[in-house]
Amino acid sequence: MKALQQLLPSKNNSLSLFMNLILGFMTIIVLLVTFHFITISMTSGQVRSEIIKYNMLNLNNTVESYEKHYELVKRTLLSFMIHNEVQSFKRESRYLTFPNIQQEIQQIVANPLLHIQDIILYNDSTSQILNKNRSTDPQRMFTVFMQNAAYTPSFWEEQFTEPFKEKFLPAVSFMDYSYPKQPSTTELIIPAVFKIRESDTFYIVALLDAQKMFQQFHVSINEGLIIRDGDRVLYPNSDGTNPDELPSLPQDGREYILADDHYYFYKTGADSGFTYIQQIPREDITAQITIKATLMFILTVATIASIIAAWLFIRKINNPLQQVIVSLKNMNTNQPVHSNIKEFHTISHQFTQLAREKQNYSYMNQLKEIRQSGDEELNFSNRPFVMLLFDLVFKDRSQEVKETENKWYLYVKEFIDISVARKHENSIVFQTEKNQILCLTFVDEQLELMEILQKVKAILDLDQAIGYATIAVSSEYQHSSELTKAYEEALDRVHHRPYSDETTIIKKSAPVMSYSGFSIEQEQQFDAHLREGNATLAMKTVRKVLDRFQHQKAYAVEVESFAKNVVDRCHRQLTIHNLERDEEQSFYAEWGKMKSCHTFAELESLLQDMIHQVCGRIVEQKEKMETDHIVDYISQYVEAHFAEEIYLDELADKLKMSSGYLSTYFKSKTGSNFIEYLNGYRIEKAKEWLKSTDWKVREIALKSGYQNINSFNRMFKKLTGITPGEYRKRSSLDE
């Protein structure tokens, strides 16, 4: 009762968090229950009819797909029959024309959309049979290579006398006795016979792969599909029911009947006249209809469980949260919070830290312009002050010296505290980051401070093999309100240290830097040398820029930006040439190594190794492709038409070869398939435009050959690891 009274509304707690929580939970539960109850009630009467419509729609889609496929096969084979060399085979068997006819057959069979395993040409006048692999006589063909008890040589002979122009025969599997000791069986085949005239001495037979057609065209979760041509069953895929014993098509206009614990859905093909029968077990539909009762039961159980869970949750957080509120009101940091919830234990532990850290937090909030709600001010007299920022760099980044690195940072902090802070009254030294030390110093004479900093520099220079520091000195300020300005000025001056491994004191701000790496001409030369695989000339171009940087004592950030540009261009060439990047040559690995470079000599050595590796791989690939005119043709075609729709089939037609062979050949020569090569080239062009233009991402996608912006974003992230927007943002920051 006590817990209940705490939750009920009263004068003091009518707007309490707990009442809002419980009312909110109950409102959500009631709304969800009402919604689901109304939905289930309204739809229950329509479930059965919707299921029937759904299965009928699936059958309609299946029939439409089959009918379109039959029409496609018919047009293809009739076009093949009027081919000059096929007509020549019909008149007389000239062996010299057999290879050309077989090549045409192989091209038709290779089309994955037709699902044709083979095409047989049967000339009764010459008793000659020709297919994609062989030419032989009918007796041998239908007793050795295509043996089936239902389709004997006499059966195929009878087809010449039967009056039809096209006929689809029942599906069977043929035995191949080419190797009598190890005979093989074909997949389920539907033979389709085509003539030009009803009475003719020549016809062709298309062997259709029934299983592949079923997998592509059949739309249903049930496997029971039967195709009939009058009394003949063309394709029997049922759950064990004899296709010859199926119930008759309903005469009352209905498209389905219920018999033998099965629903049978009927549909007649408009062009073929075939009857398609979808067989679905009765329990499958019944099970879907009975879902209503199950849903209602689950809904009831879920409602009860939700109410109990909401009540227990409110009770569980009530007492500890009340204790937290009391502690906050009284600022009693020793007030324990009793709860088995981990977060409340964390809150209780943190109370003890609040008081001792209050002054430090107050100071840092002022420094970063994060104001407190009260009138609390940093308490120091308004004397002239200077902000010192020590940015430390520990050279060895390996994990083995992690402990040494931390000790060195601590040693430097203590040394600065002794050298600077203790010689200036009321100065403050604290570590803002792991490698950054901030010192607020009150000075009357800056000359004295600079003498101290020179001594600090001299001592740190003794540790040059271990690390070095950048000492940024702000201007002299007069009032505590200028703390933020002093800090930002010191932070800005840190970024203007020269590229070297010596401790440096920076006491003046420098103008805003502009990119001063490659000139446009040098950039073009560097890219050209990389494309040619000329590491010597490429490195010569890089060395010119590094020498200029060293002579001008360029800023570290400027040198690092240039190095990043070199790495980016090297990796762009790897992408253009579709060369796999191993872990050592990844962008992030190279950039990580450059962070360990502290002198121009170290940086030059690293860039030289990287450029030689990249050029070596490009030269190796070019040597493989040097005499390959096919790959060269494809590369030039992609470069000229990458913004258009490019299909491998079109290129194969231009090169007079099959698309399957061209795809295999291209991958064996370049190491990547055609689609990967095309996408890699397009994304590289997109990266160039993202850097050098202000075009919208959608516009760049279209210019790169992607009609769908989602496809472009997905492919860009797959190849670069980031989105186009992020890439443009990083590029602008680097510049």
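**Entry 1: overall composition**

I began with burial and noted that 43% of the 735 residues in the protein are buried. I record here that the model is predicted. I then looked up the secondary structure, which comes to 26 helices and 18 strands. For the accessible surface of the protein I noted about 40,900 Å², with 53% of it belonging to carbon and sulfur atoms. I also looked at contacts with a separation of 6 or more: residues 24 or more positions apart account for 63% of these.

**Entry 2: the open sheet**

I turned next to an open sheet of five strands and wrote down its order as S15-S16-S14-S17-S18, with mixed pairing. I identified its edge strands as S15 (428-433) and S18 (504-506), each of which pairs on one side only. From one strand to the next, I noted an average twist of 20°.

I followed the pairing from the S15 edge. S15 and S16 (residues 436-442) run antiparallel and are joined by five bridges. Within this pair I located Phe430, whose bridge partner in S16 is Leu438. S16 is also joined to S14, again in an antiparallel arrangement, by seven bridges. Here I found Leu389 opposite Leu438 of S16. I therefore marked Leu438 twice in my notes, because Phe430 is its bridge partner and Leu389 stands opposite it.

On the S17 side, I recorded seven bridges between S14 and S17, in the antiparallel sense. Phe394 stands opposite Gly467 in S17. I then asked how many of the ten residues of S14 are buried. The count is nine, and I entered S14 as mostly covered.

**Entry 3: helices across the sheet**

I looked for helices lying on these strands and noted two. H13 (residues 446-461) lies across S14 (385-394), S16, S17 (467-473) and S18. Its direction is at about 10° to S14. H14 (residues 483-494) lies across S14, S16, S17 and S18 as well. For H14 I noted an angle of about 35° to S14.

**Entry 4: helix H5**

I checked the length of H5 (residues 98-109). At 1.5 Å a residue, its twelve residues should span 16 Å, and the end C-alpha atoms are 16 Å apart, which agrees. I listed its buried residues as Phe98, Ile101, Gln102, Ile105, Ile108 and Val109. Viewed down the axis of H5, these buried residues fall within an arc of 115°, so they line one face of the helix. I set beside this the general rule that an α-helix has 3.6 residues a turn, so residues three or four places apart point the same way.

**Entry 5: helix H20**

I repeated the check on H20 (residues 629-641). Its 13 residues should span 18 Å at 1.5 Å a residue, and I found agreement, with the end C-alpha atoms 18 Å apart. In H20 I noted Ile630, Val631, Ile634, Ser635, Tyr637 and Val638 as buried. Down the axis of H20, the buried residues lie within an arc of 165°, so they line one face of the helix. His629, Glu639 and Ala640 are exposed on the other side of H20.

**Entry 6: two residues with positive phi**

I looked up backbone angles with the general expectation in mind that most residues other than glycine have a negative phi. His115 is not a glycine, yet its phi is positive, at about 55°. I placed His115 in the loop between H5 and S1 (116-123). Is His115 buried or exposed? It is buried, because its relative accessible area of 11% is under the 20% cut-off.

Lys656 also has a positive phi, of about 60°, although it is not a glycine. I found Lys656 in the loop between H21 (648-654) and H22 (659-670). Lys656 counts as exposed, because its relative accessibility of 75% is over the 50% cut-off.

**Entry 7: Glu64**

My last look-up was Glu64, which I placed in H3 (residues 47-81). Its relative accessibility is 42%, so I entered Glu64 as partly exposed. I also noted a separation of 8.6 Å between the C-alpha atoms of Glu64 and Phe217, which are 153 residues apart along the chain.

How values were computed:
Residues are numbered from 1 along each chain as its sequence is written. This is a predicted model: local features need pLDDT of at least 70, side-chain atom pairs count only at pLDDT 80 or more; totals for chains, interfaces and linings use all residues. Side-chain values use heavy atoms; hydrogens and water are left out. Helices (H or I, at least four residues) and strands (E, at least two) are DSSP runs, numbered from the N terminus. The expected span of a helix is 1.5 Å times one less than its number of residues. Buried means under 20% relative accessible area, exposed over 50%, partly exposed in between (1.4 Å probe, protein chains only). The arc is that of the directions from the helix axis to the C-beta atoms. Two strands pair if DSSP finds at least two bridges between them. Axes are lines fitted to C-alpha atoms, for helices over the stretch in contact, and angles run from 0 to 180 degrees between N-to-C directions. Contact means heavy atoms within 4.5 Å. Accessible areas come from the Shrake-Rupley method with a 1.4 Å probe; for residues, only the protein chains shown count as cover.
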